[in-house]
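Trainee: I should like to work through this protein with you, one question at a time. May we begin with the model itself?

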Amino acid sequence: MTVTARNNHSVKAKDNDVSKTSFLQNGIVAGPKRLYTLEEVSGTKYFGHDHILTGYRTGLTTKECLRSIFQWHNETISIWTHAIGFVYVMSMLVWENFVTIPRYHGNFWDHVIVSAHLLCSEVTLLSSACCHIFGGHRSPEVRGLSLRLDLFGIFIGVHGFQFIILYYGICDEWYFYTHHVVAWSLFFLNVAVEFKDDEVGQTQDAAVLKRRITLTALQWGYGAVPIVHAICSNGGLSHPTGQYFCQRFLGVVFYSLACLVSYTSQLPERLAPGWFDYVGQSHHWWHMMVLCGIINFNNSALDFIQLRQKVPCS
Ligand SMILES: [Zn+2]
């Protein structure tokens with residue numbers, strides 16, 4: 001509470017350091033009145049959007065960032081895709097716990113596992129929306145903090161998938177706990193690396209970005225191990241249960257690859273710089289793929305509840 005109050009005080013003090021309507025940054029007067037080009041905001045952005053040429057906010061106070069939720073700029077779609085997604089997933093959480101899982105005669109752990117995945121996803125969506133809301137903040141500390149929050153959301157969102165894969169897919173207790181230990185270790189490794197350096201959230205340094213992508217890919221990629229294990233330990237591709245798991249996990253693989261491509265390729269804006277600044281840039285597709293991946297795997301979890309009633313682990 002004290003730390004939060006101190007941080008709020010620090011942010012307010014930074015807001016008051018300069019005029020409320022204008023802010024000198026990179027030699028330009030920035031503020032809420034207009035949007036800026038990539039060249040003008042160079043050094044203040046952290047997504048490496050080399051091909052997004054216009055529509056940037058910069059030099060905003062906290063209030064102006066919040067007001068910009070309802071303004072049209074190159075992060076408006078990024079904010080709203082995950083803000084609406086957050087509300088939708090919240091409604092899924094309530095509906096499934098009170099209607100769907102009881103209708104399927106799910107037990108206590110079915111509620112826990114489905115809820116754990118959806119709650120992790122909620123953190124992902126909310127932290128992502130917040131990151132984009134404060135992406136144009138005048139304070140590098142606030143921008144760095146919001147980026148860290150976004151990264152934490154990605155780490156915990158990826159981890160949330162493991163609850164379902166391991167609970168329904170891995171029946172052997174030793175392997176169940178071993179996979180959990182590895183998955184939790186990779187999650188904490190990512191969090192520790194990203195949060196250890198004060199500058200890491202603010203930098204555009206290529207080495208930091210490369211390390212970030214590598215560690216995230218390691219955590220994400222490890223998800224393939226229990227997936228393959230679950231298929232093999234449930235009879236493999238020659239057995240109906242193994243086939244069922246394989247079919248359901250194909251959705252995770254598809255959306256994981258779609259997320260990876262949309263996040264790293266900078267397509268389609270790479271092909272036509274400036275054409276997709278406001279609608280259709282790769283980051284908008286990345287957001288949509290994340291949301292679709294969450295919904296798809298939640299549907300699989302509901303199928304697994306019914307499967308385990310027909311084919312129990314024991
Ligand atoms: Zn984003």
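Mentor: The questions and answers that follow concern a predicted model.

Trainee: In what pattern do helices and strands follow one another along the sequence?

Mentor: The protein has eleven helices and two strands. Of its 314 residues, 38% count as buried. Read along the sequence, the pattern is α-β-β-α-α-α-α-α-α-α-α-α-α.

Trainee: What share of the contacts with a separation of 6 or more is made by residues 24 or more positions apart?

Mentor: One example of two residues brought together from afar in sequence is the pair Met288 and Ser78, which are 210 residues apart along the chain but have C-alpha atoms separated by 9.0 Å. Met288 lies in helix α11. For the protein, the share of such contacts made by residues 24 or more positions apart is 69%.

Trainee: Which residues does UniProt list under "binding site", and how far apart are their C-alpha atoms at most?

Mentor: The unreviewed UniProt entry places this feature at His132, His283 and His287. They span 156 residues in sequence, yet they gather at one spot, because no two of their C-alpha atoms are more than 11.4 Å apart.

Trainee: Is His132 buried or exposed?

Mentor: His132 is in helix α5. Leaving aside residues up to four places away in sequence, His132 touches Glu75, Ser78 and Ile79. A residue needs 20 or more other C-beta atoms within 10 Å to count as buried. With 27 C-beta neighbours inside that distance of 10 Å, His132 counts as buried.

Trainee: Which residues does His287 touch, not counting those up to four places away in sequence?

Mentor: His287 lies in helix α11. With 24 other C-beta atoms within 10 Å, His287 is buried. The residues that His287 touches, beyond those up to four places away in sequence, are Ser78, Thr81 and His82.

Trainee: Met288 lies in helix α11; what is its exposure class?

Mentor: The class rests on the count of neighbours: 20 or more other C-beta atoms within 10 Å make a residue buried, 12 or fewer make it exposed, and the range in between is partly exposed. Met288 has 17 C-beta neighbours inside 10 Å, so it counts as partly exposed.

Trainee: How are α10 and α11 oriented to each other, parallel or antiparallel?

Mentor: The axes of α10 and α11 come within 8 Å and cross at roughly 165°. Angles over 145 degrees count as roughly antiparallel. The two helices, α10 and α11, are therefore roughly antiparallel.

Trainee: Which residues make this contact, and how do they divide by class?

Mentor: On the α10 side, the contact includes Tyr244, Arg248, Gly251 and Tyr255. On the α11 side, among them are Trp285, Trp286, Asn296 and Asp303. By class, the contact of α10 with α11 divides into 13 nonpolar, seven polar and two charged residues.

Trainee: How are α6 and α11 oriented to each other, parallel or antiparallel?

Mentor: Helix α6, residues 140–169, packs with helix α11, residues 282–310, at an angle of about 20°, and their axes are 11 Å apart. Angles under 35 degrees count as roughly parallel. Accordingly, α6 and α11 are roughly parallel.

Trainee: Which residues of α6 and α11 meet, and how many of the residues in the contact are charged?

Mentor: From α6, Phe161, Ile164 and Tyr168 meet Phe297, Ala301, Phe304 and Arg308 of α11. The contact of α6 with α11 has six nonpolar residues and no polar ones, and the number of charged residues is one.

Trainee: Where is the peptide bond that is cis?

Mentor: Most peptide bonds are trans. Pro268 is in the loop between α10 and α11. The cis bond, with omega near 15°, runs from Leu267 to Pro268.

Trainee: Is Gln266, which has a positive phi, buried or exposed?

Mentor: The phi of Gln266 is about 55°, although Gln266 is not a glycine. Gln266 is in the loop between α10 and α11. With 20 C-beta neighbours inside 10 Å, Gln266 counts as buried.

Trainee: And is His105 buried or exposed?

Mentor: His105 lies in the loop between α4 and α5, and its phi is near 60°, a positive value in a residue other than glycine. With 10 other C-beta atoms within 10 Å, His105 is exposed.

Technical notes: Residues numbered from 1 in each chain as written. Predicted model: local features only at pLDDT ≥ 70, side-chain atom pairs only at ≥ 80, totals over all residues. Axes fitted to C-alpha atoms, helices over the stretch in contact; angles between N-to-C directions. Helix = DSSP H or I, 4+ residues; strand = E, 2+ residues; numbered from the N terminus. Parallel < 35°, antiparallel > 145°, perpendicular 65-115°, else oblique. Contact = placed C-beta atoms within 7 Å. Nonpolar A, V, L, I, M, F, W, Y, C, P; charged D, E, K, R; others polar. UniProt positions renumbered as here; feature names shortened; annotations may be inferred.
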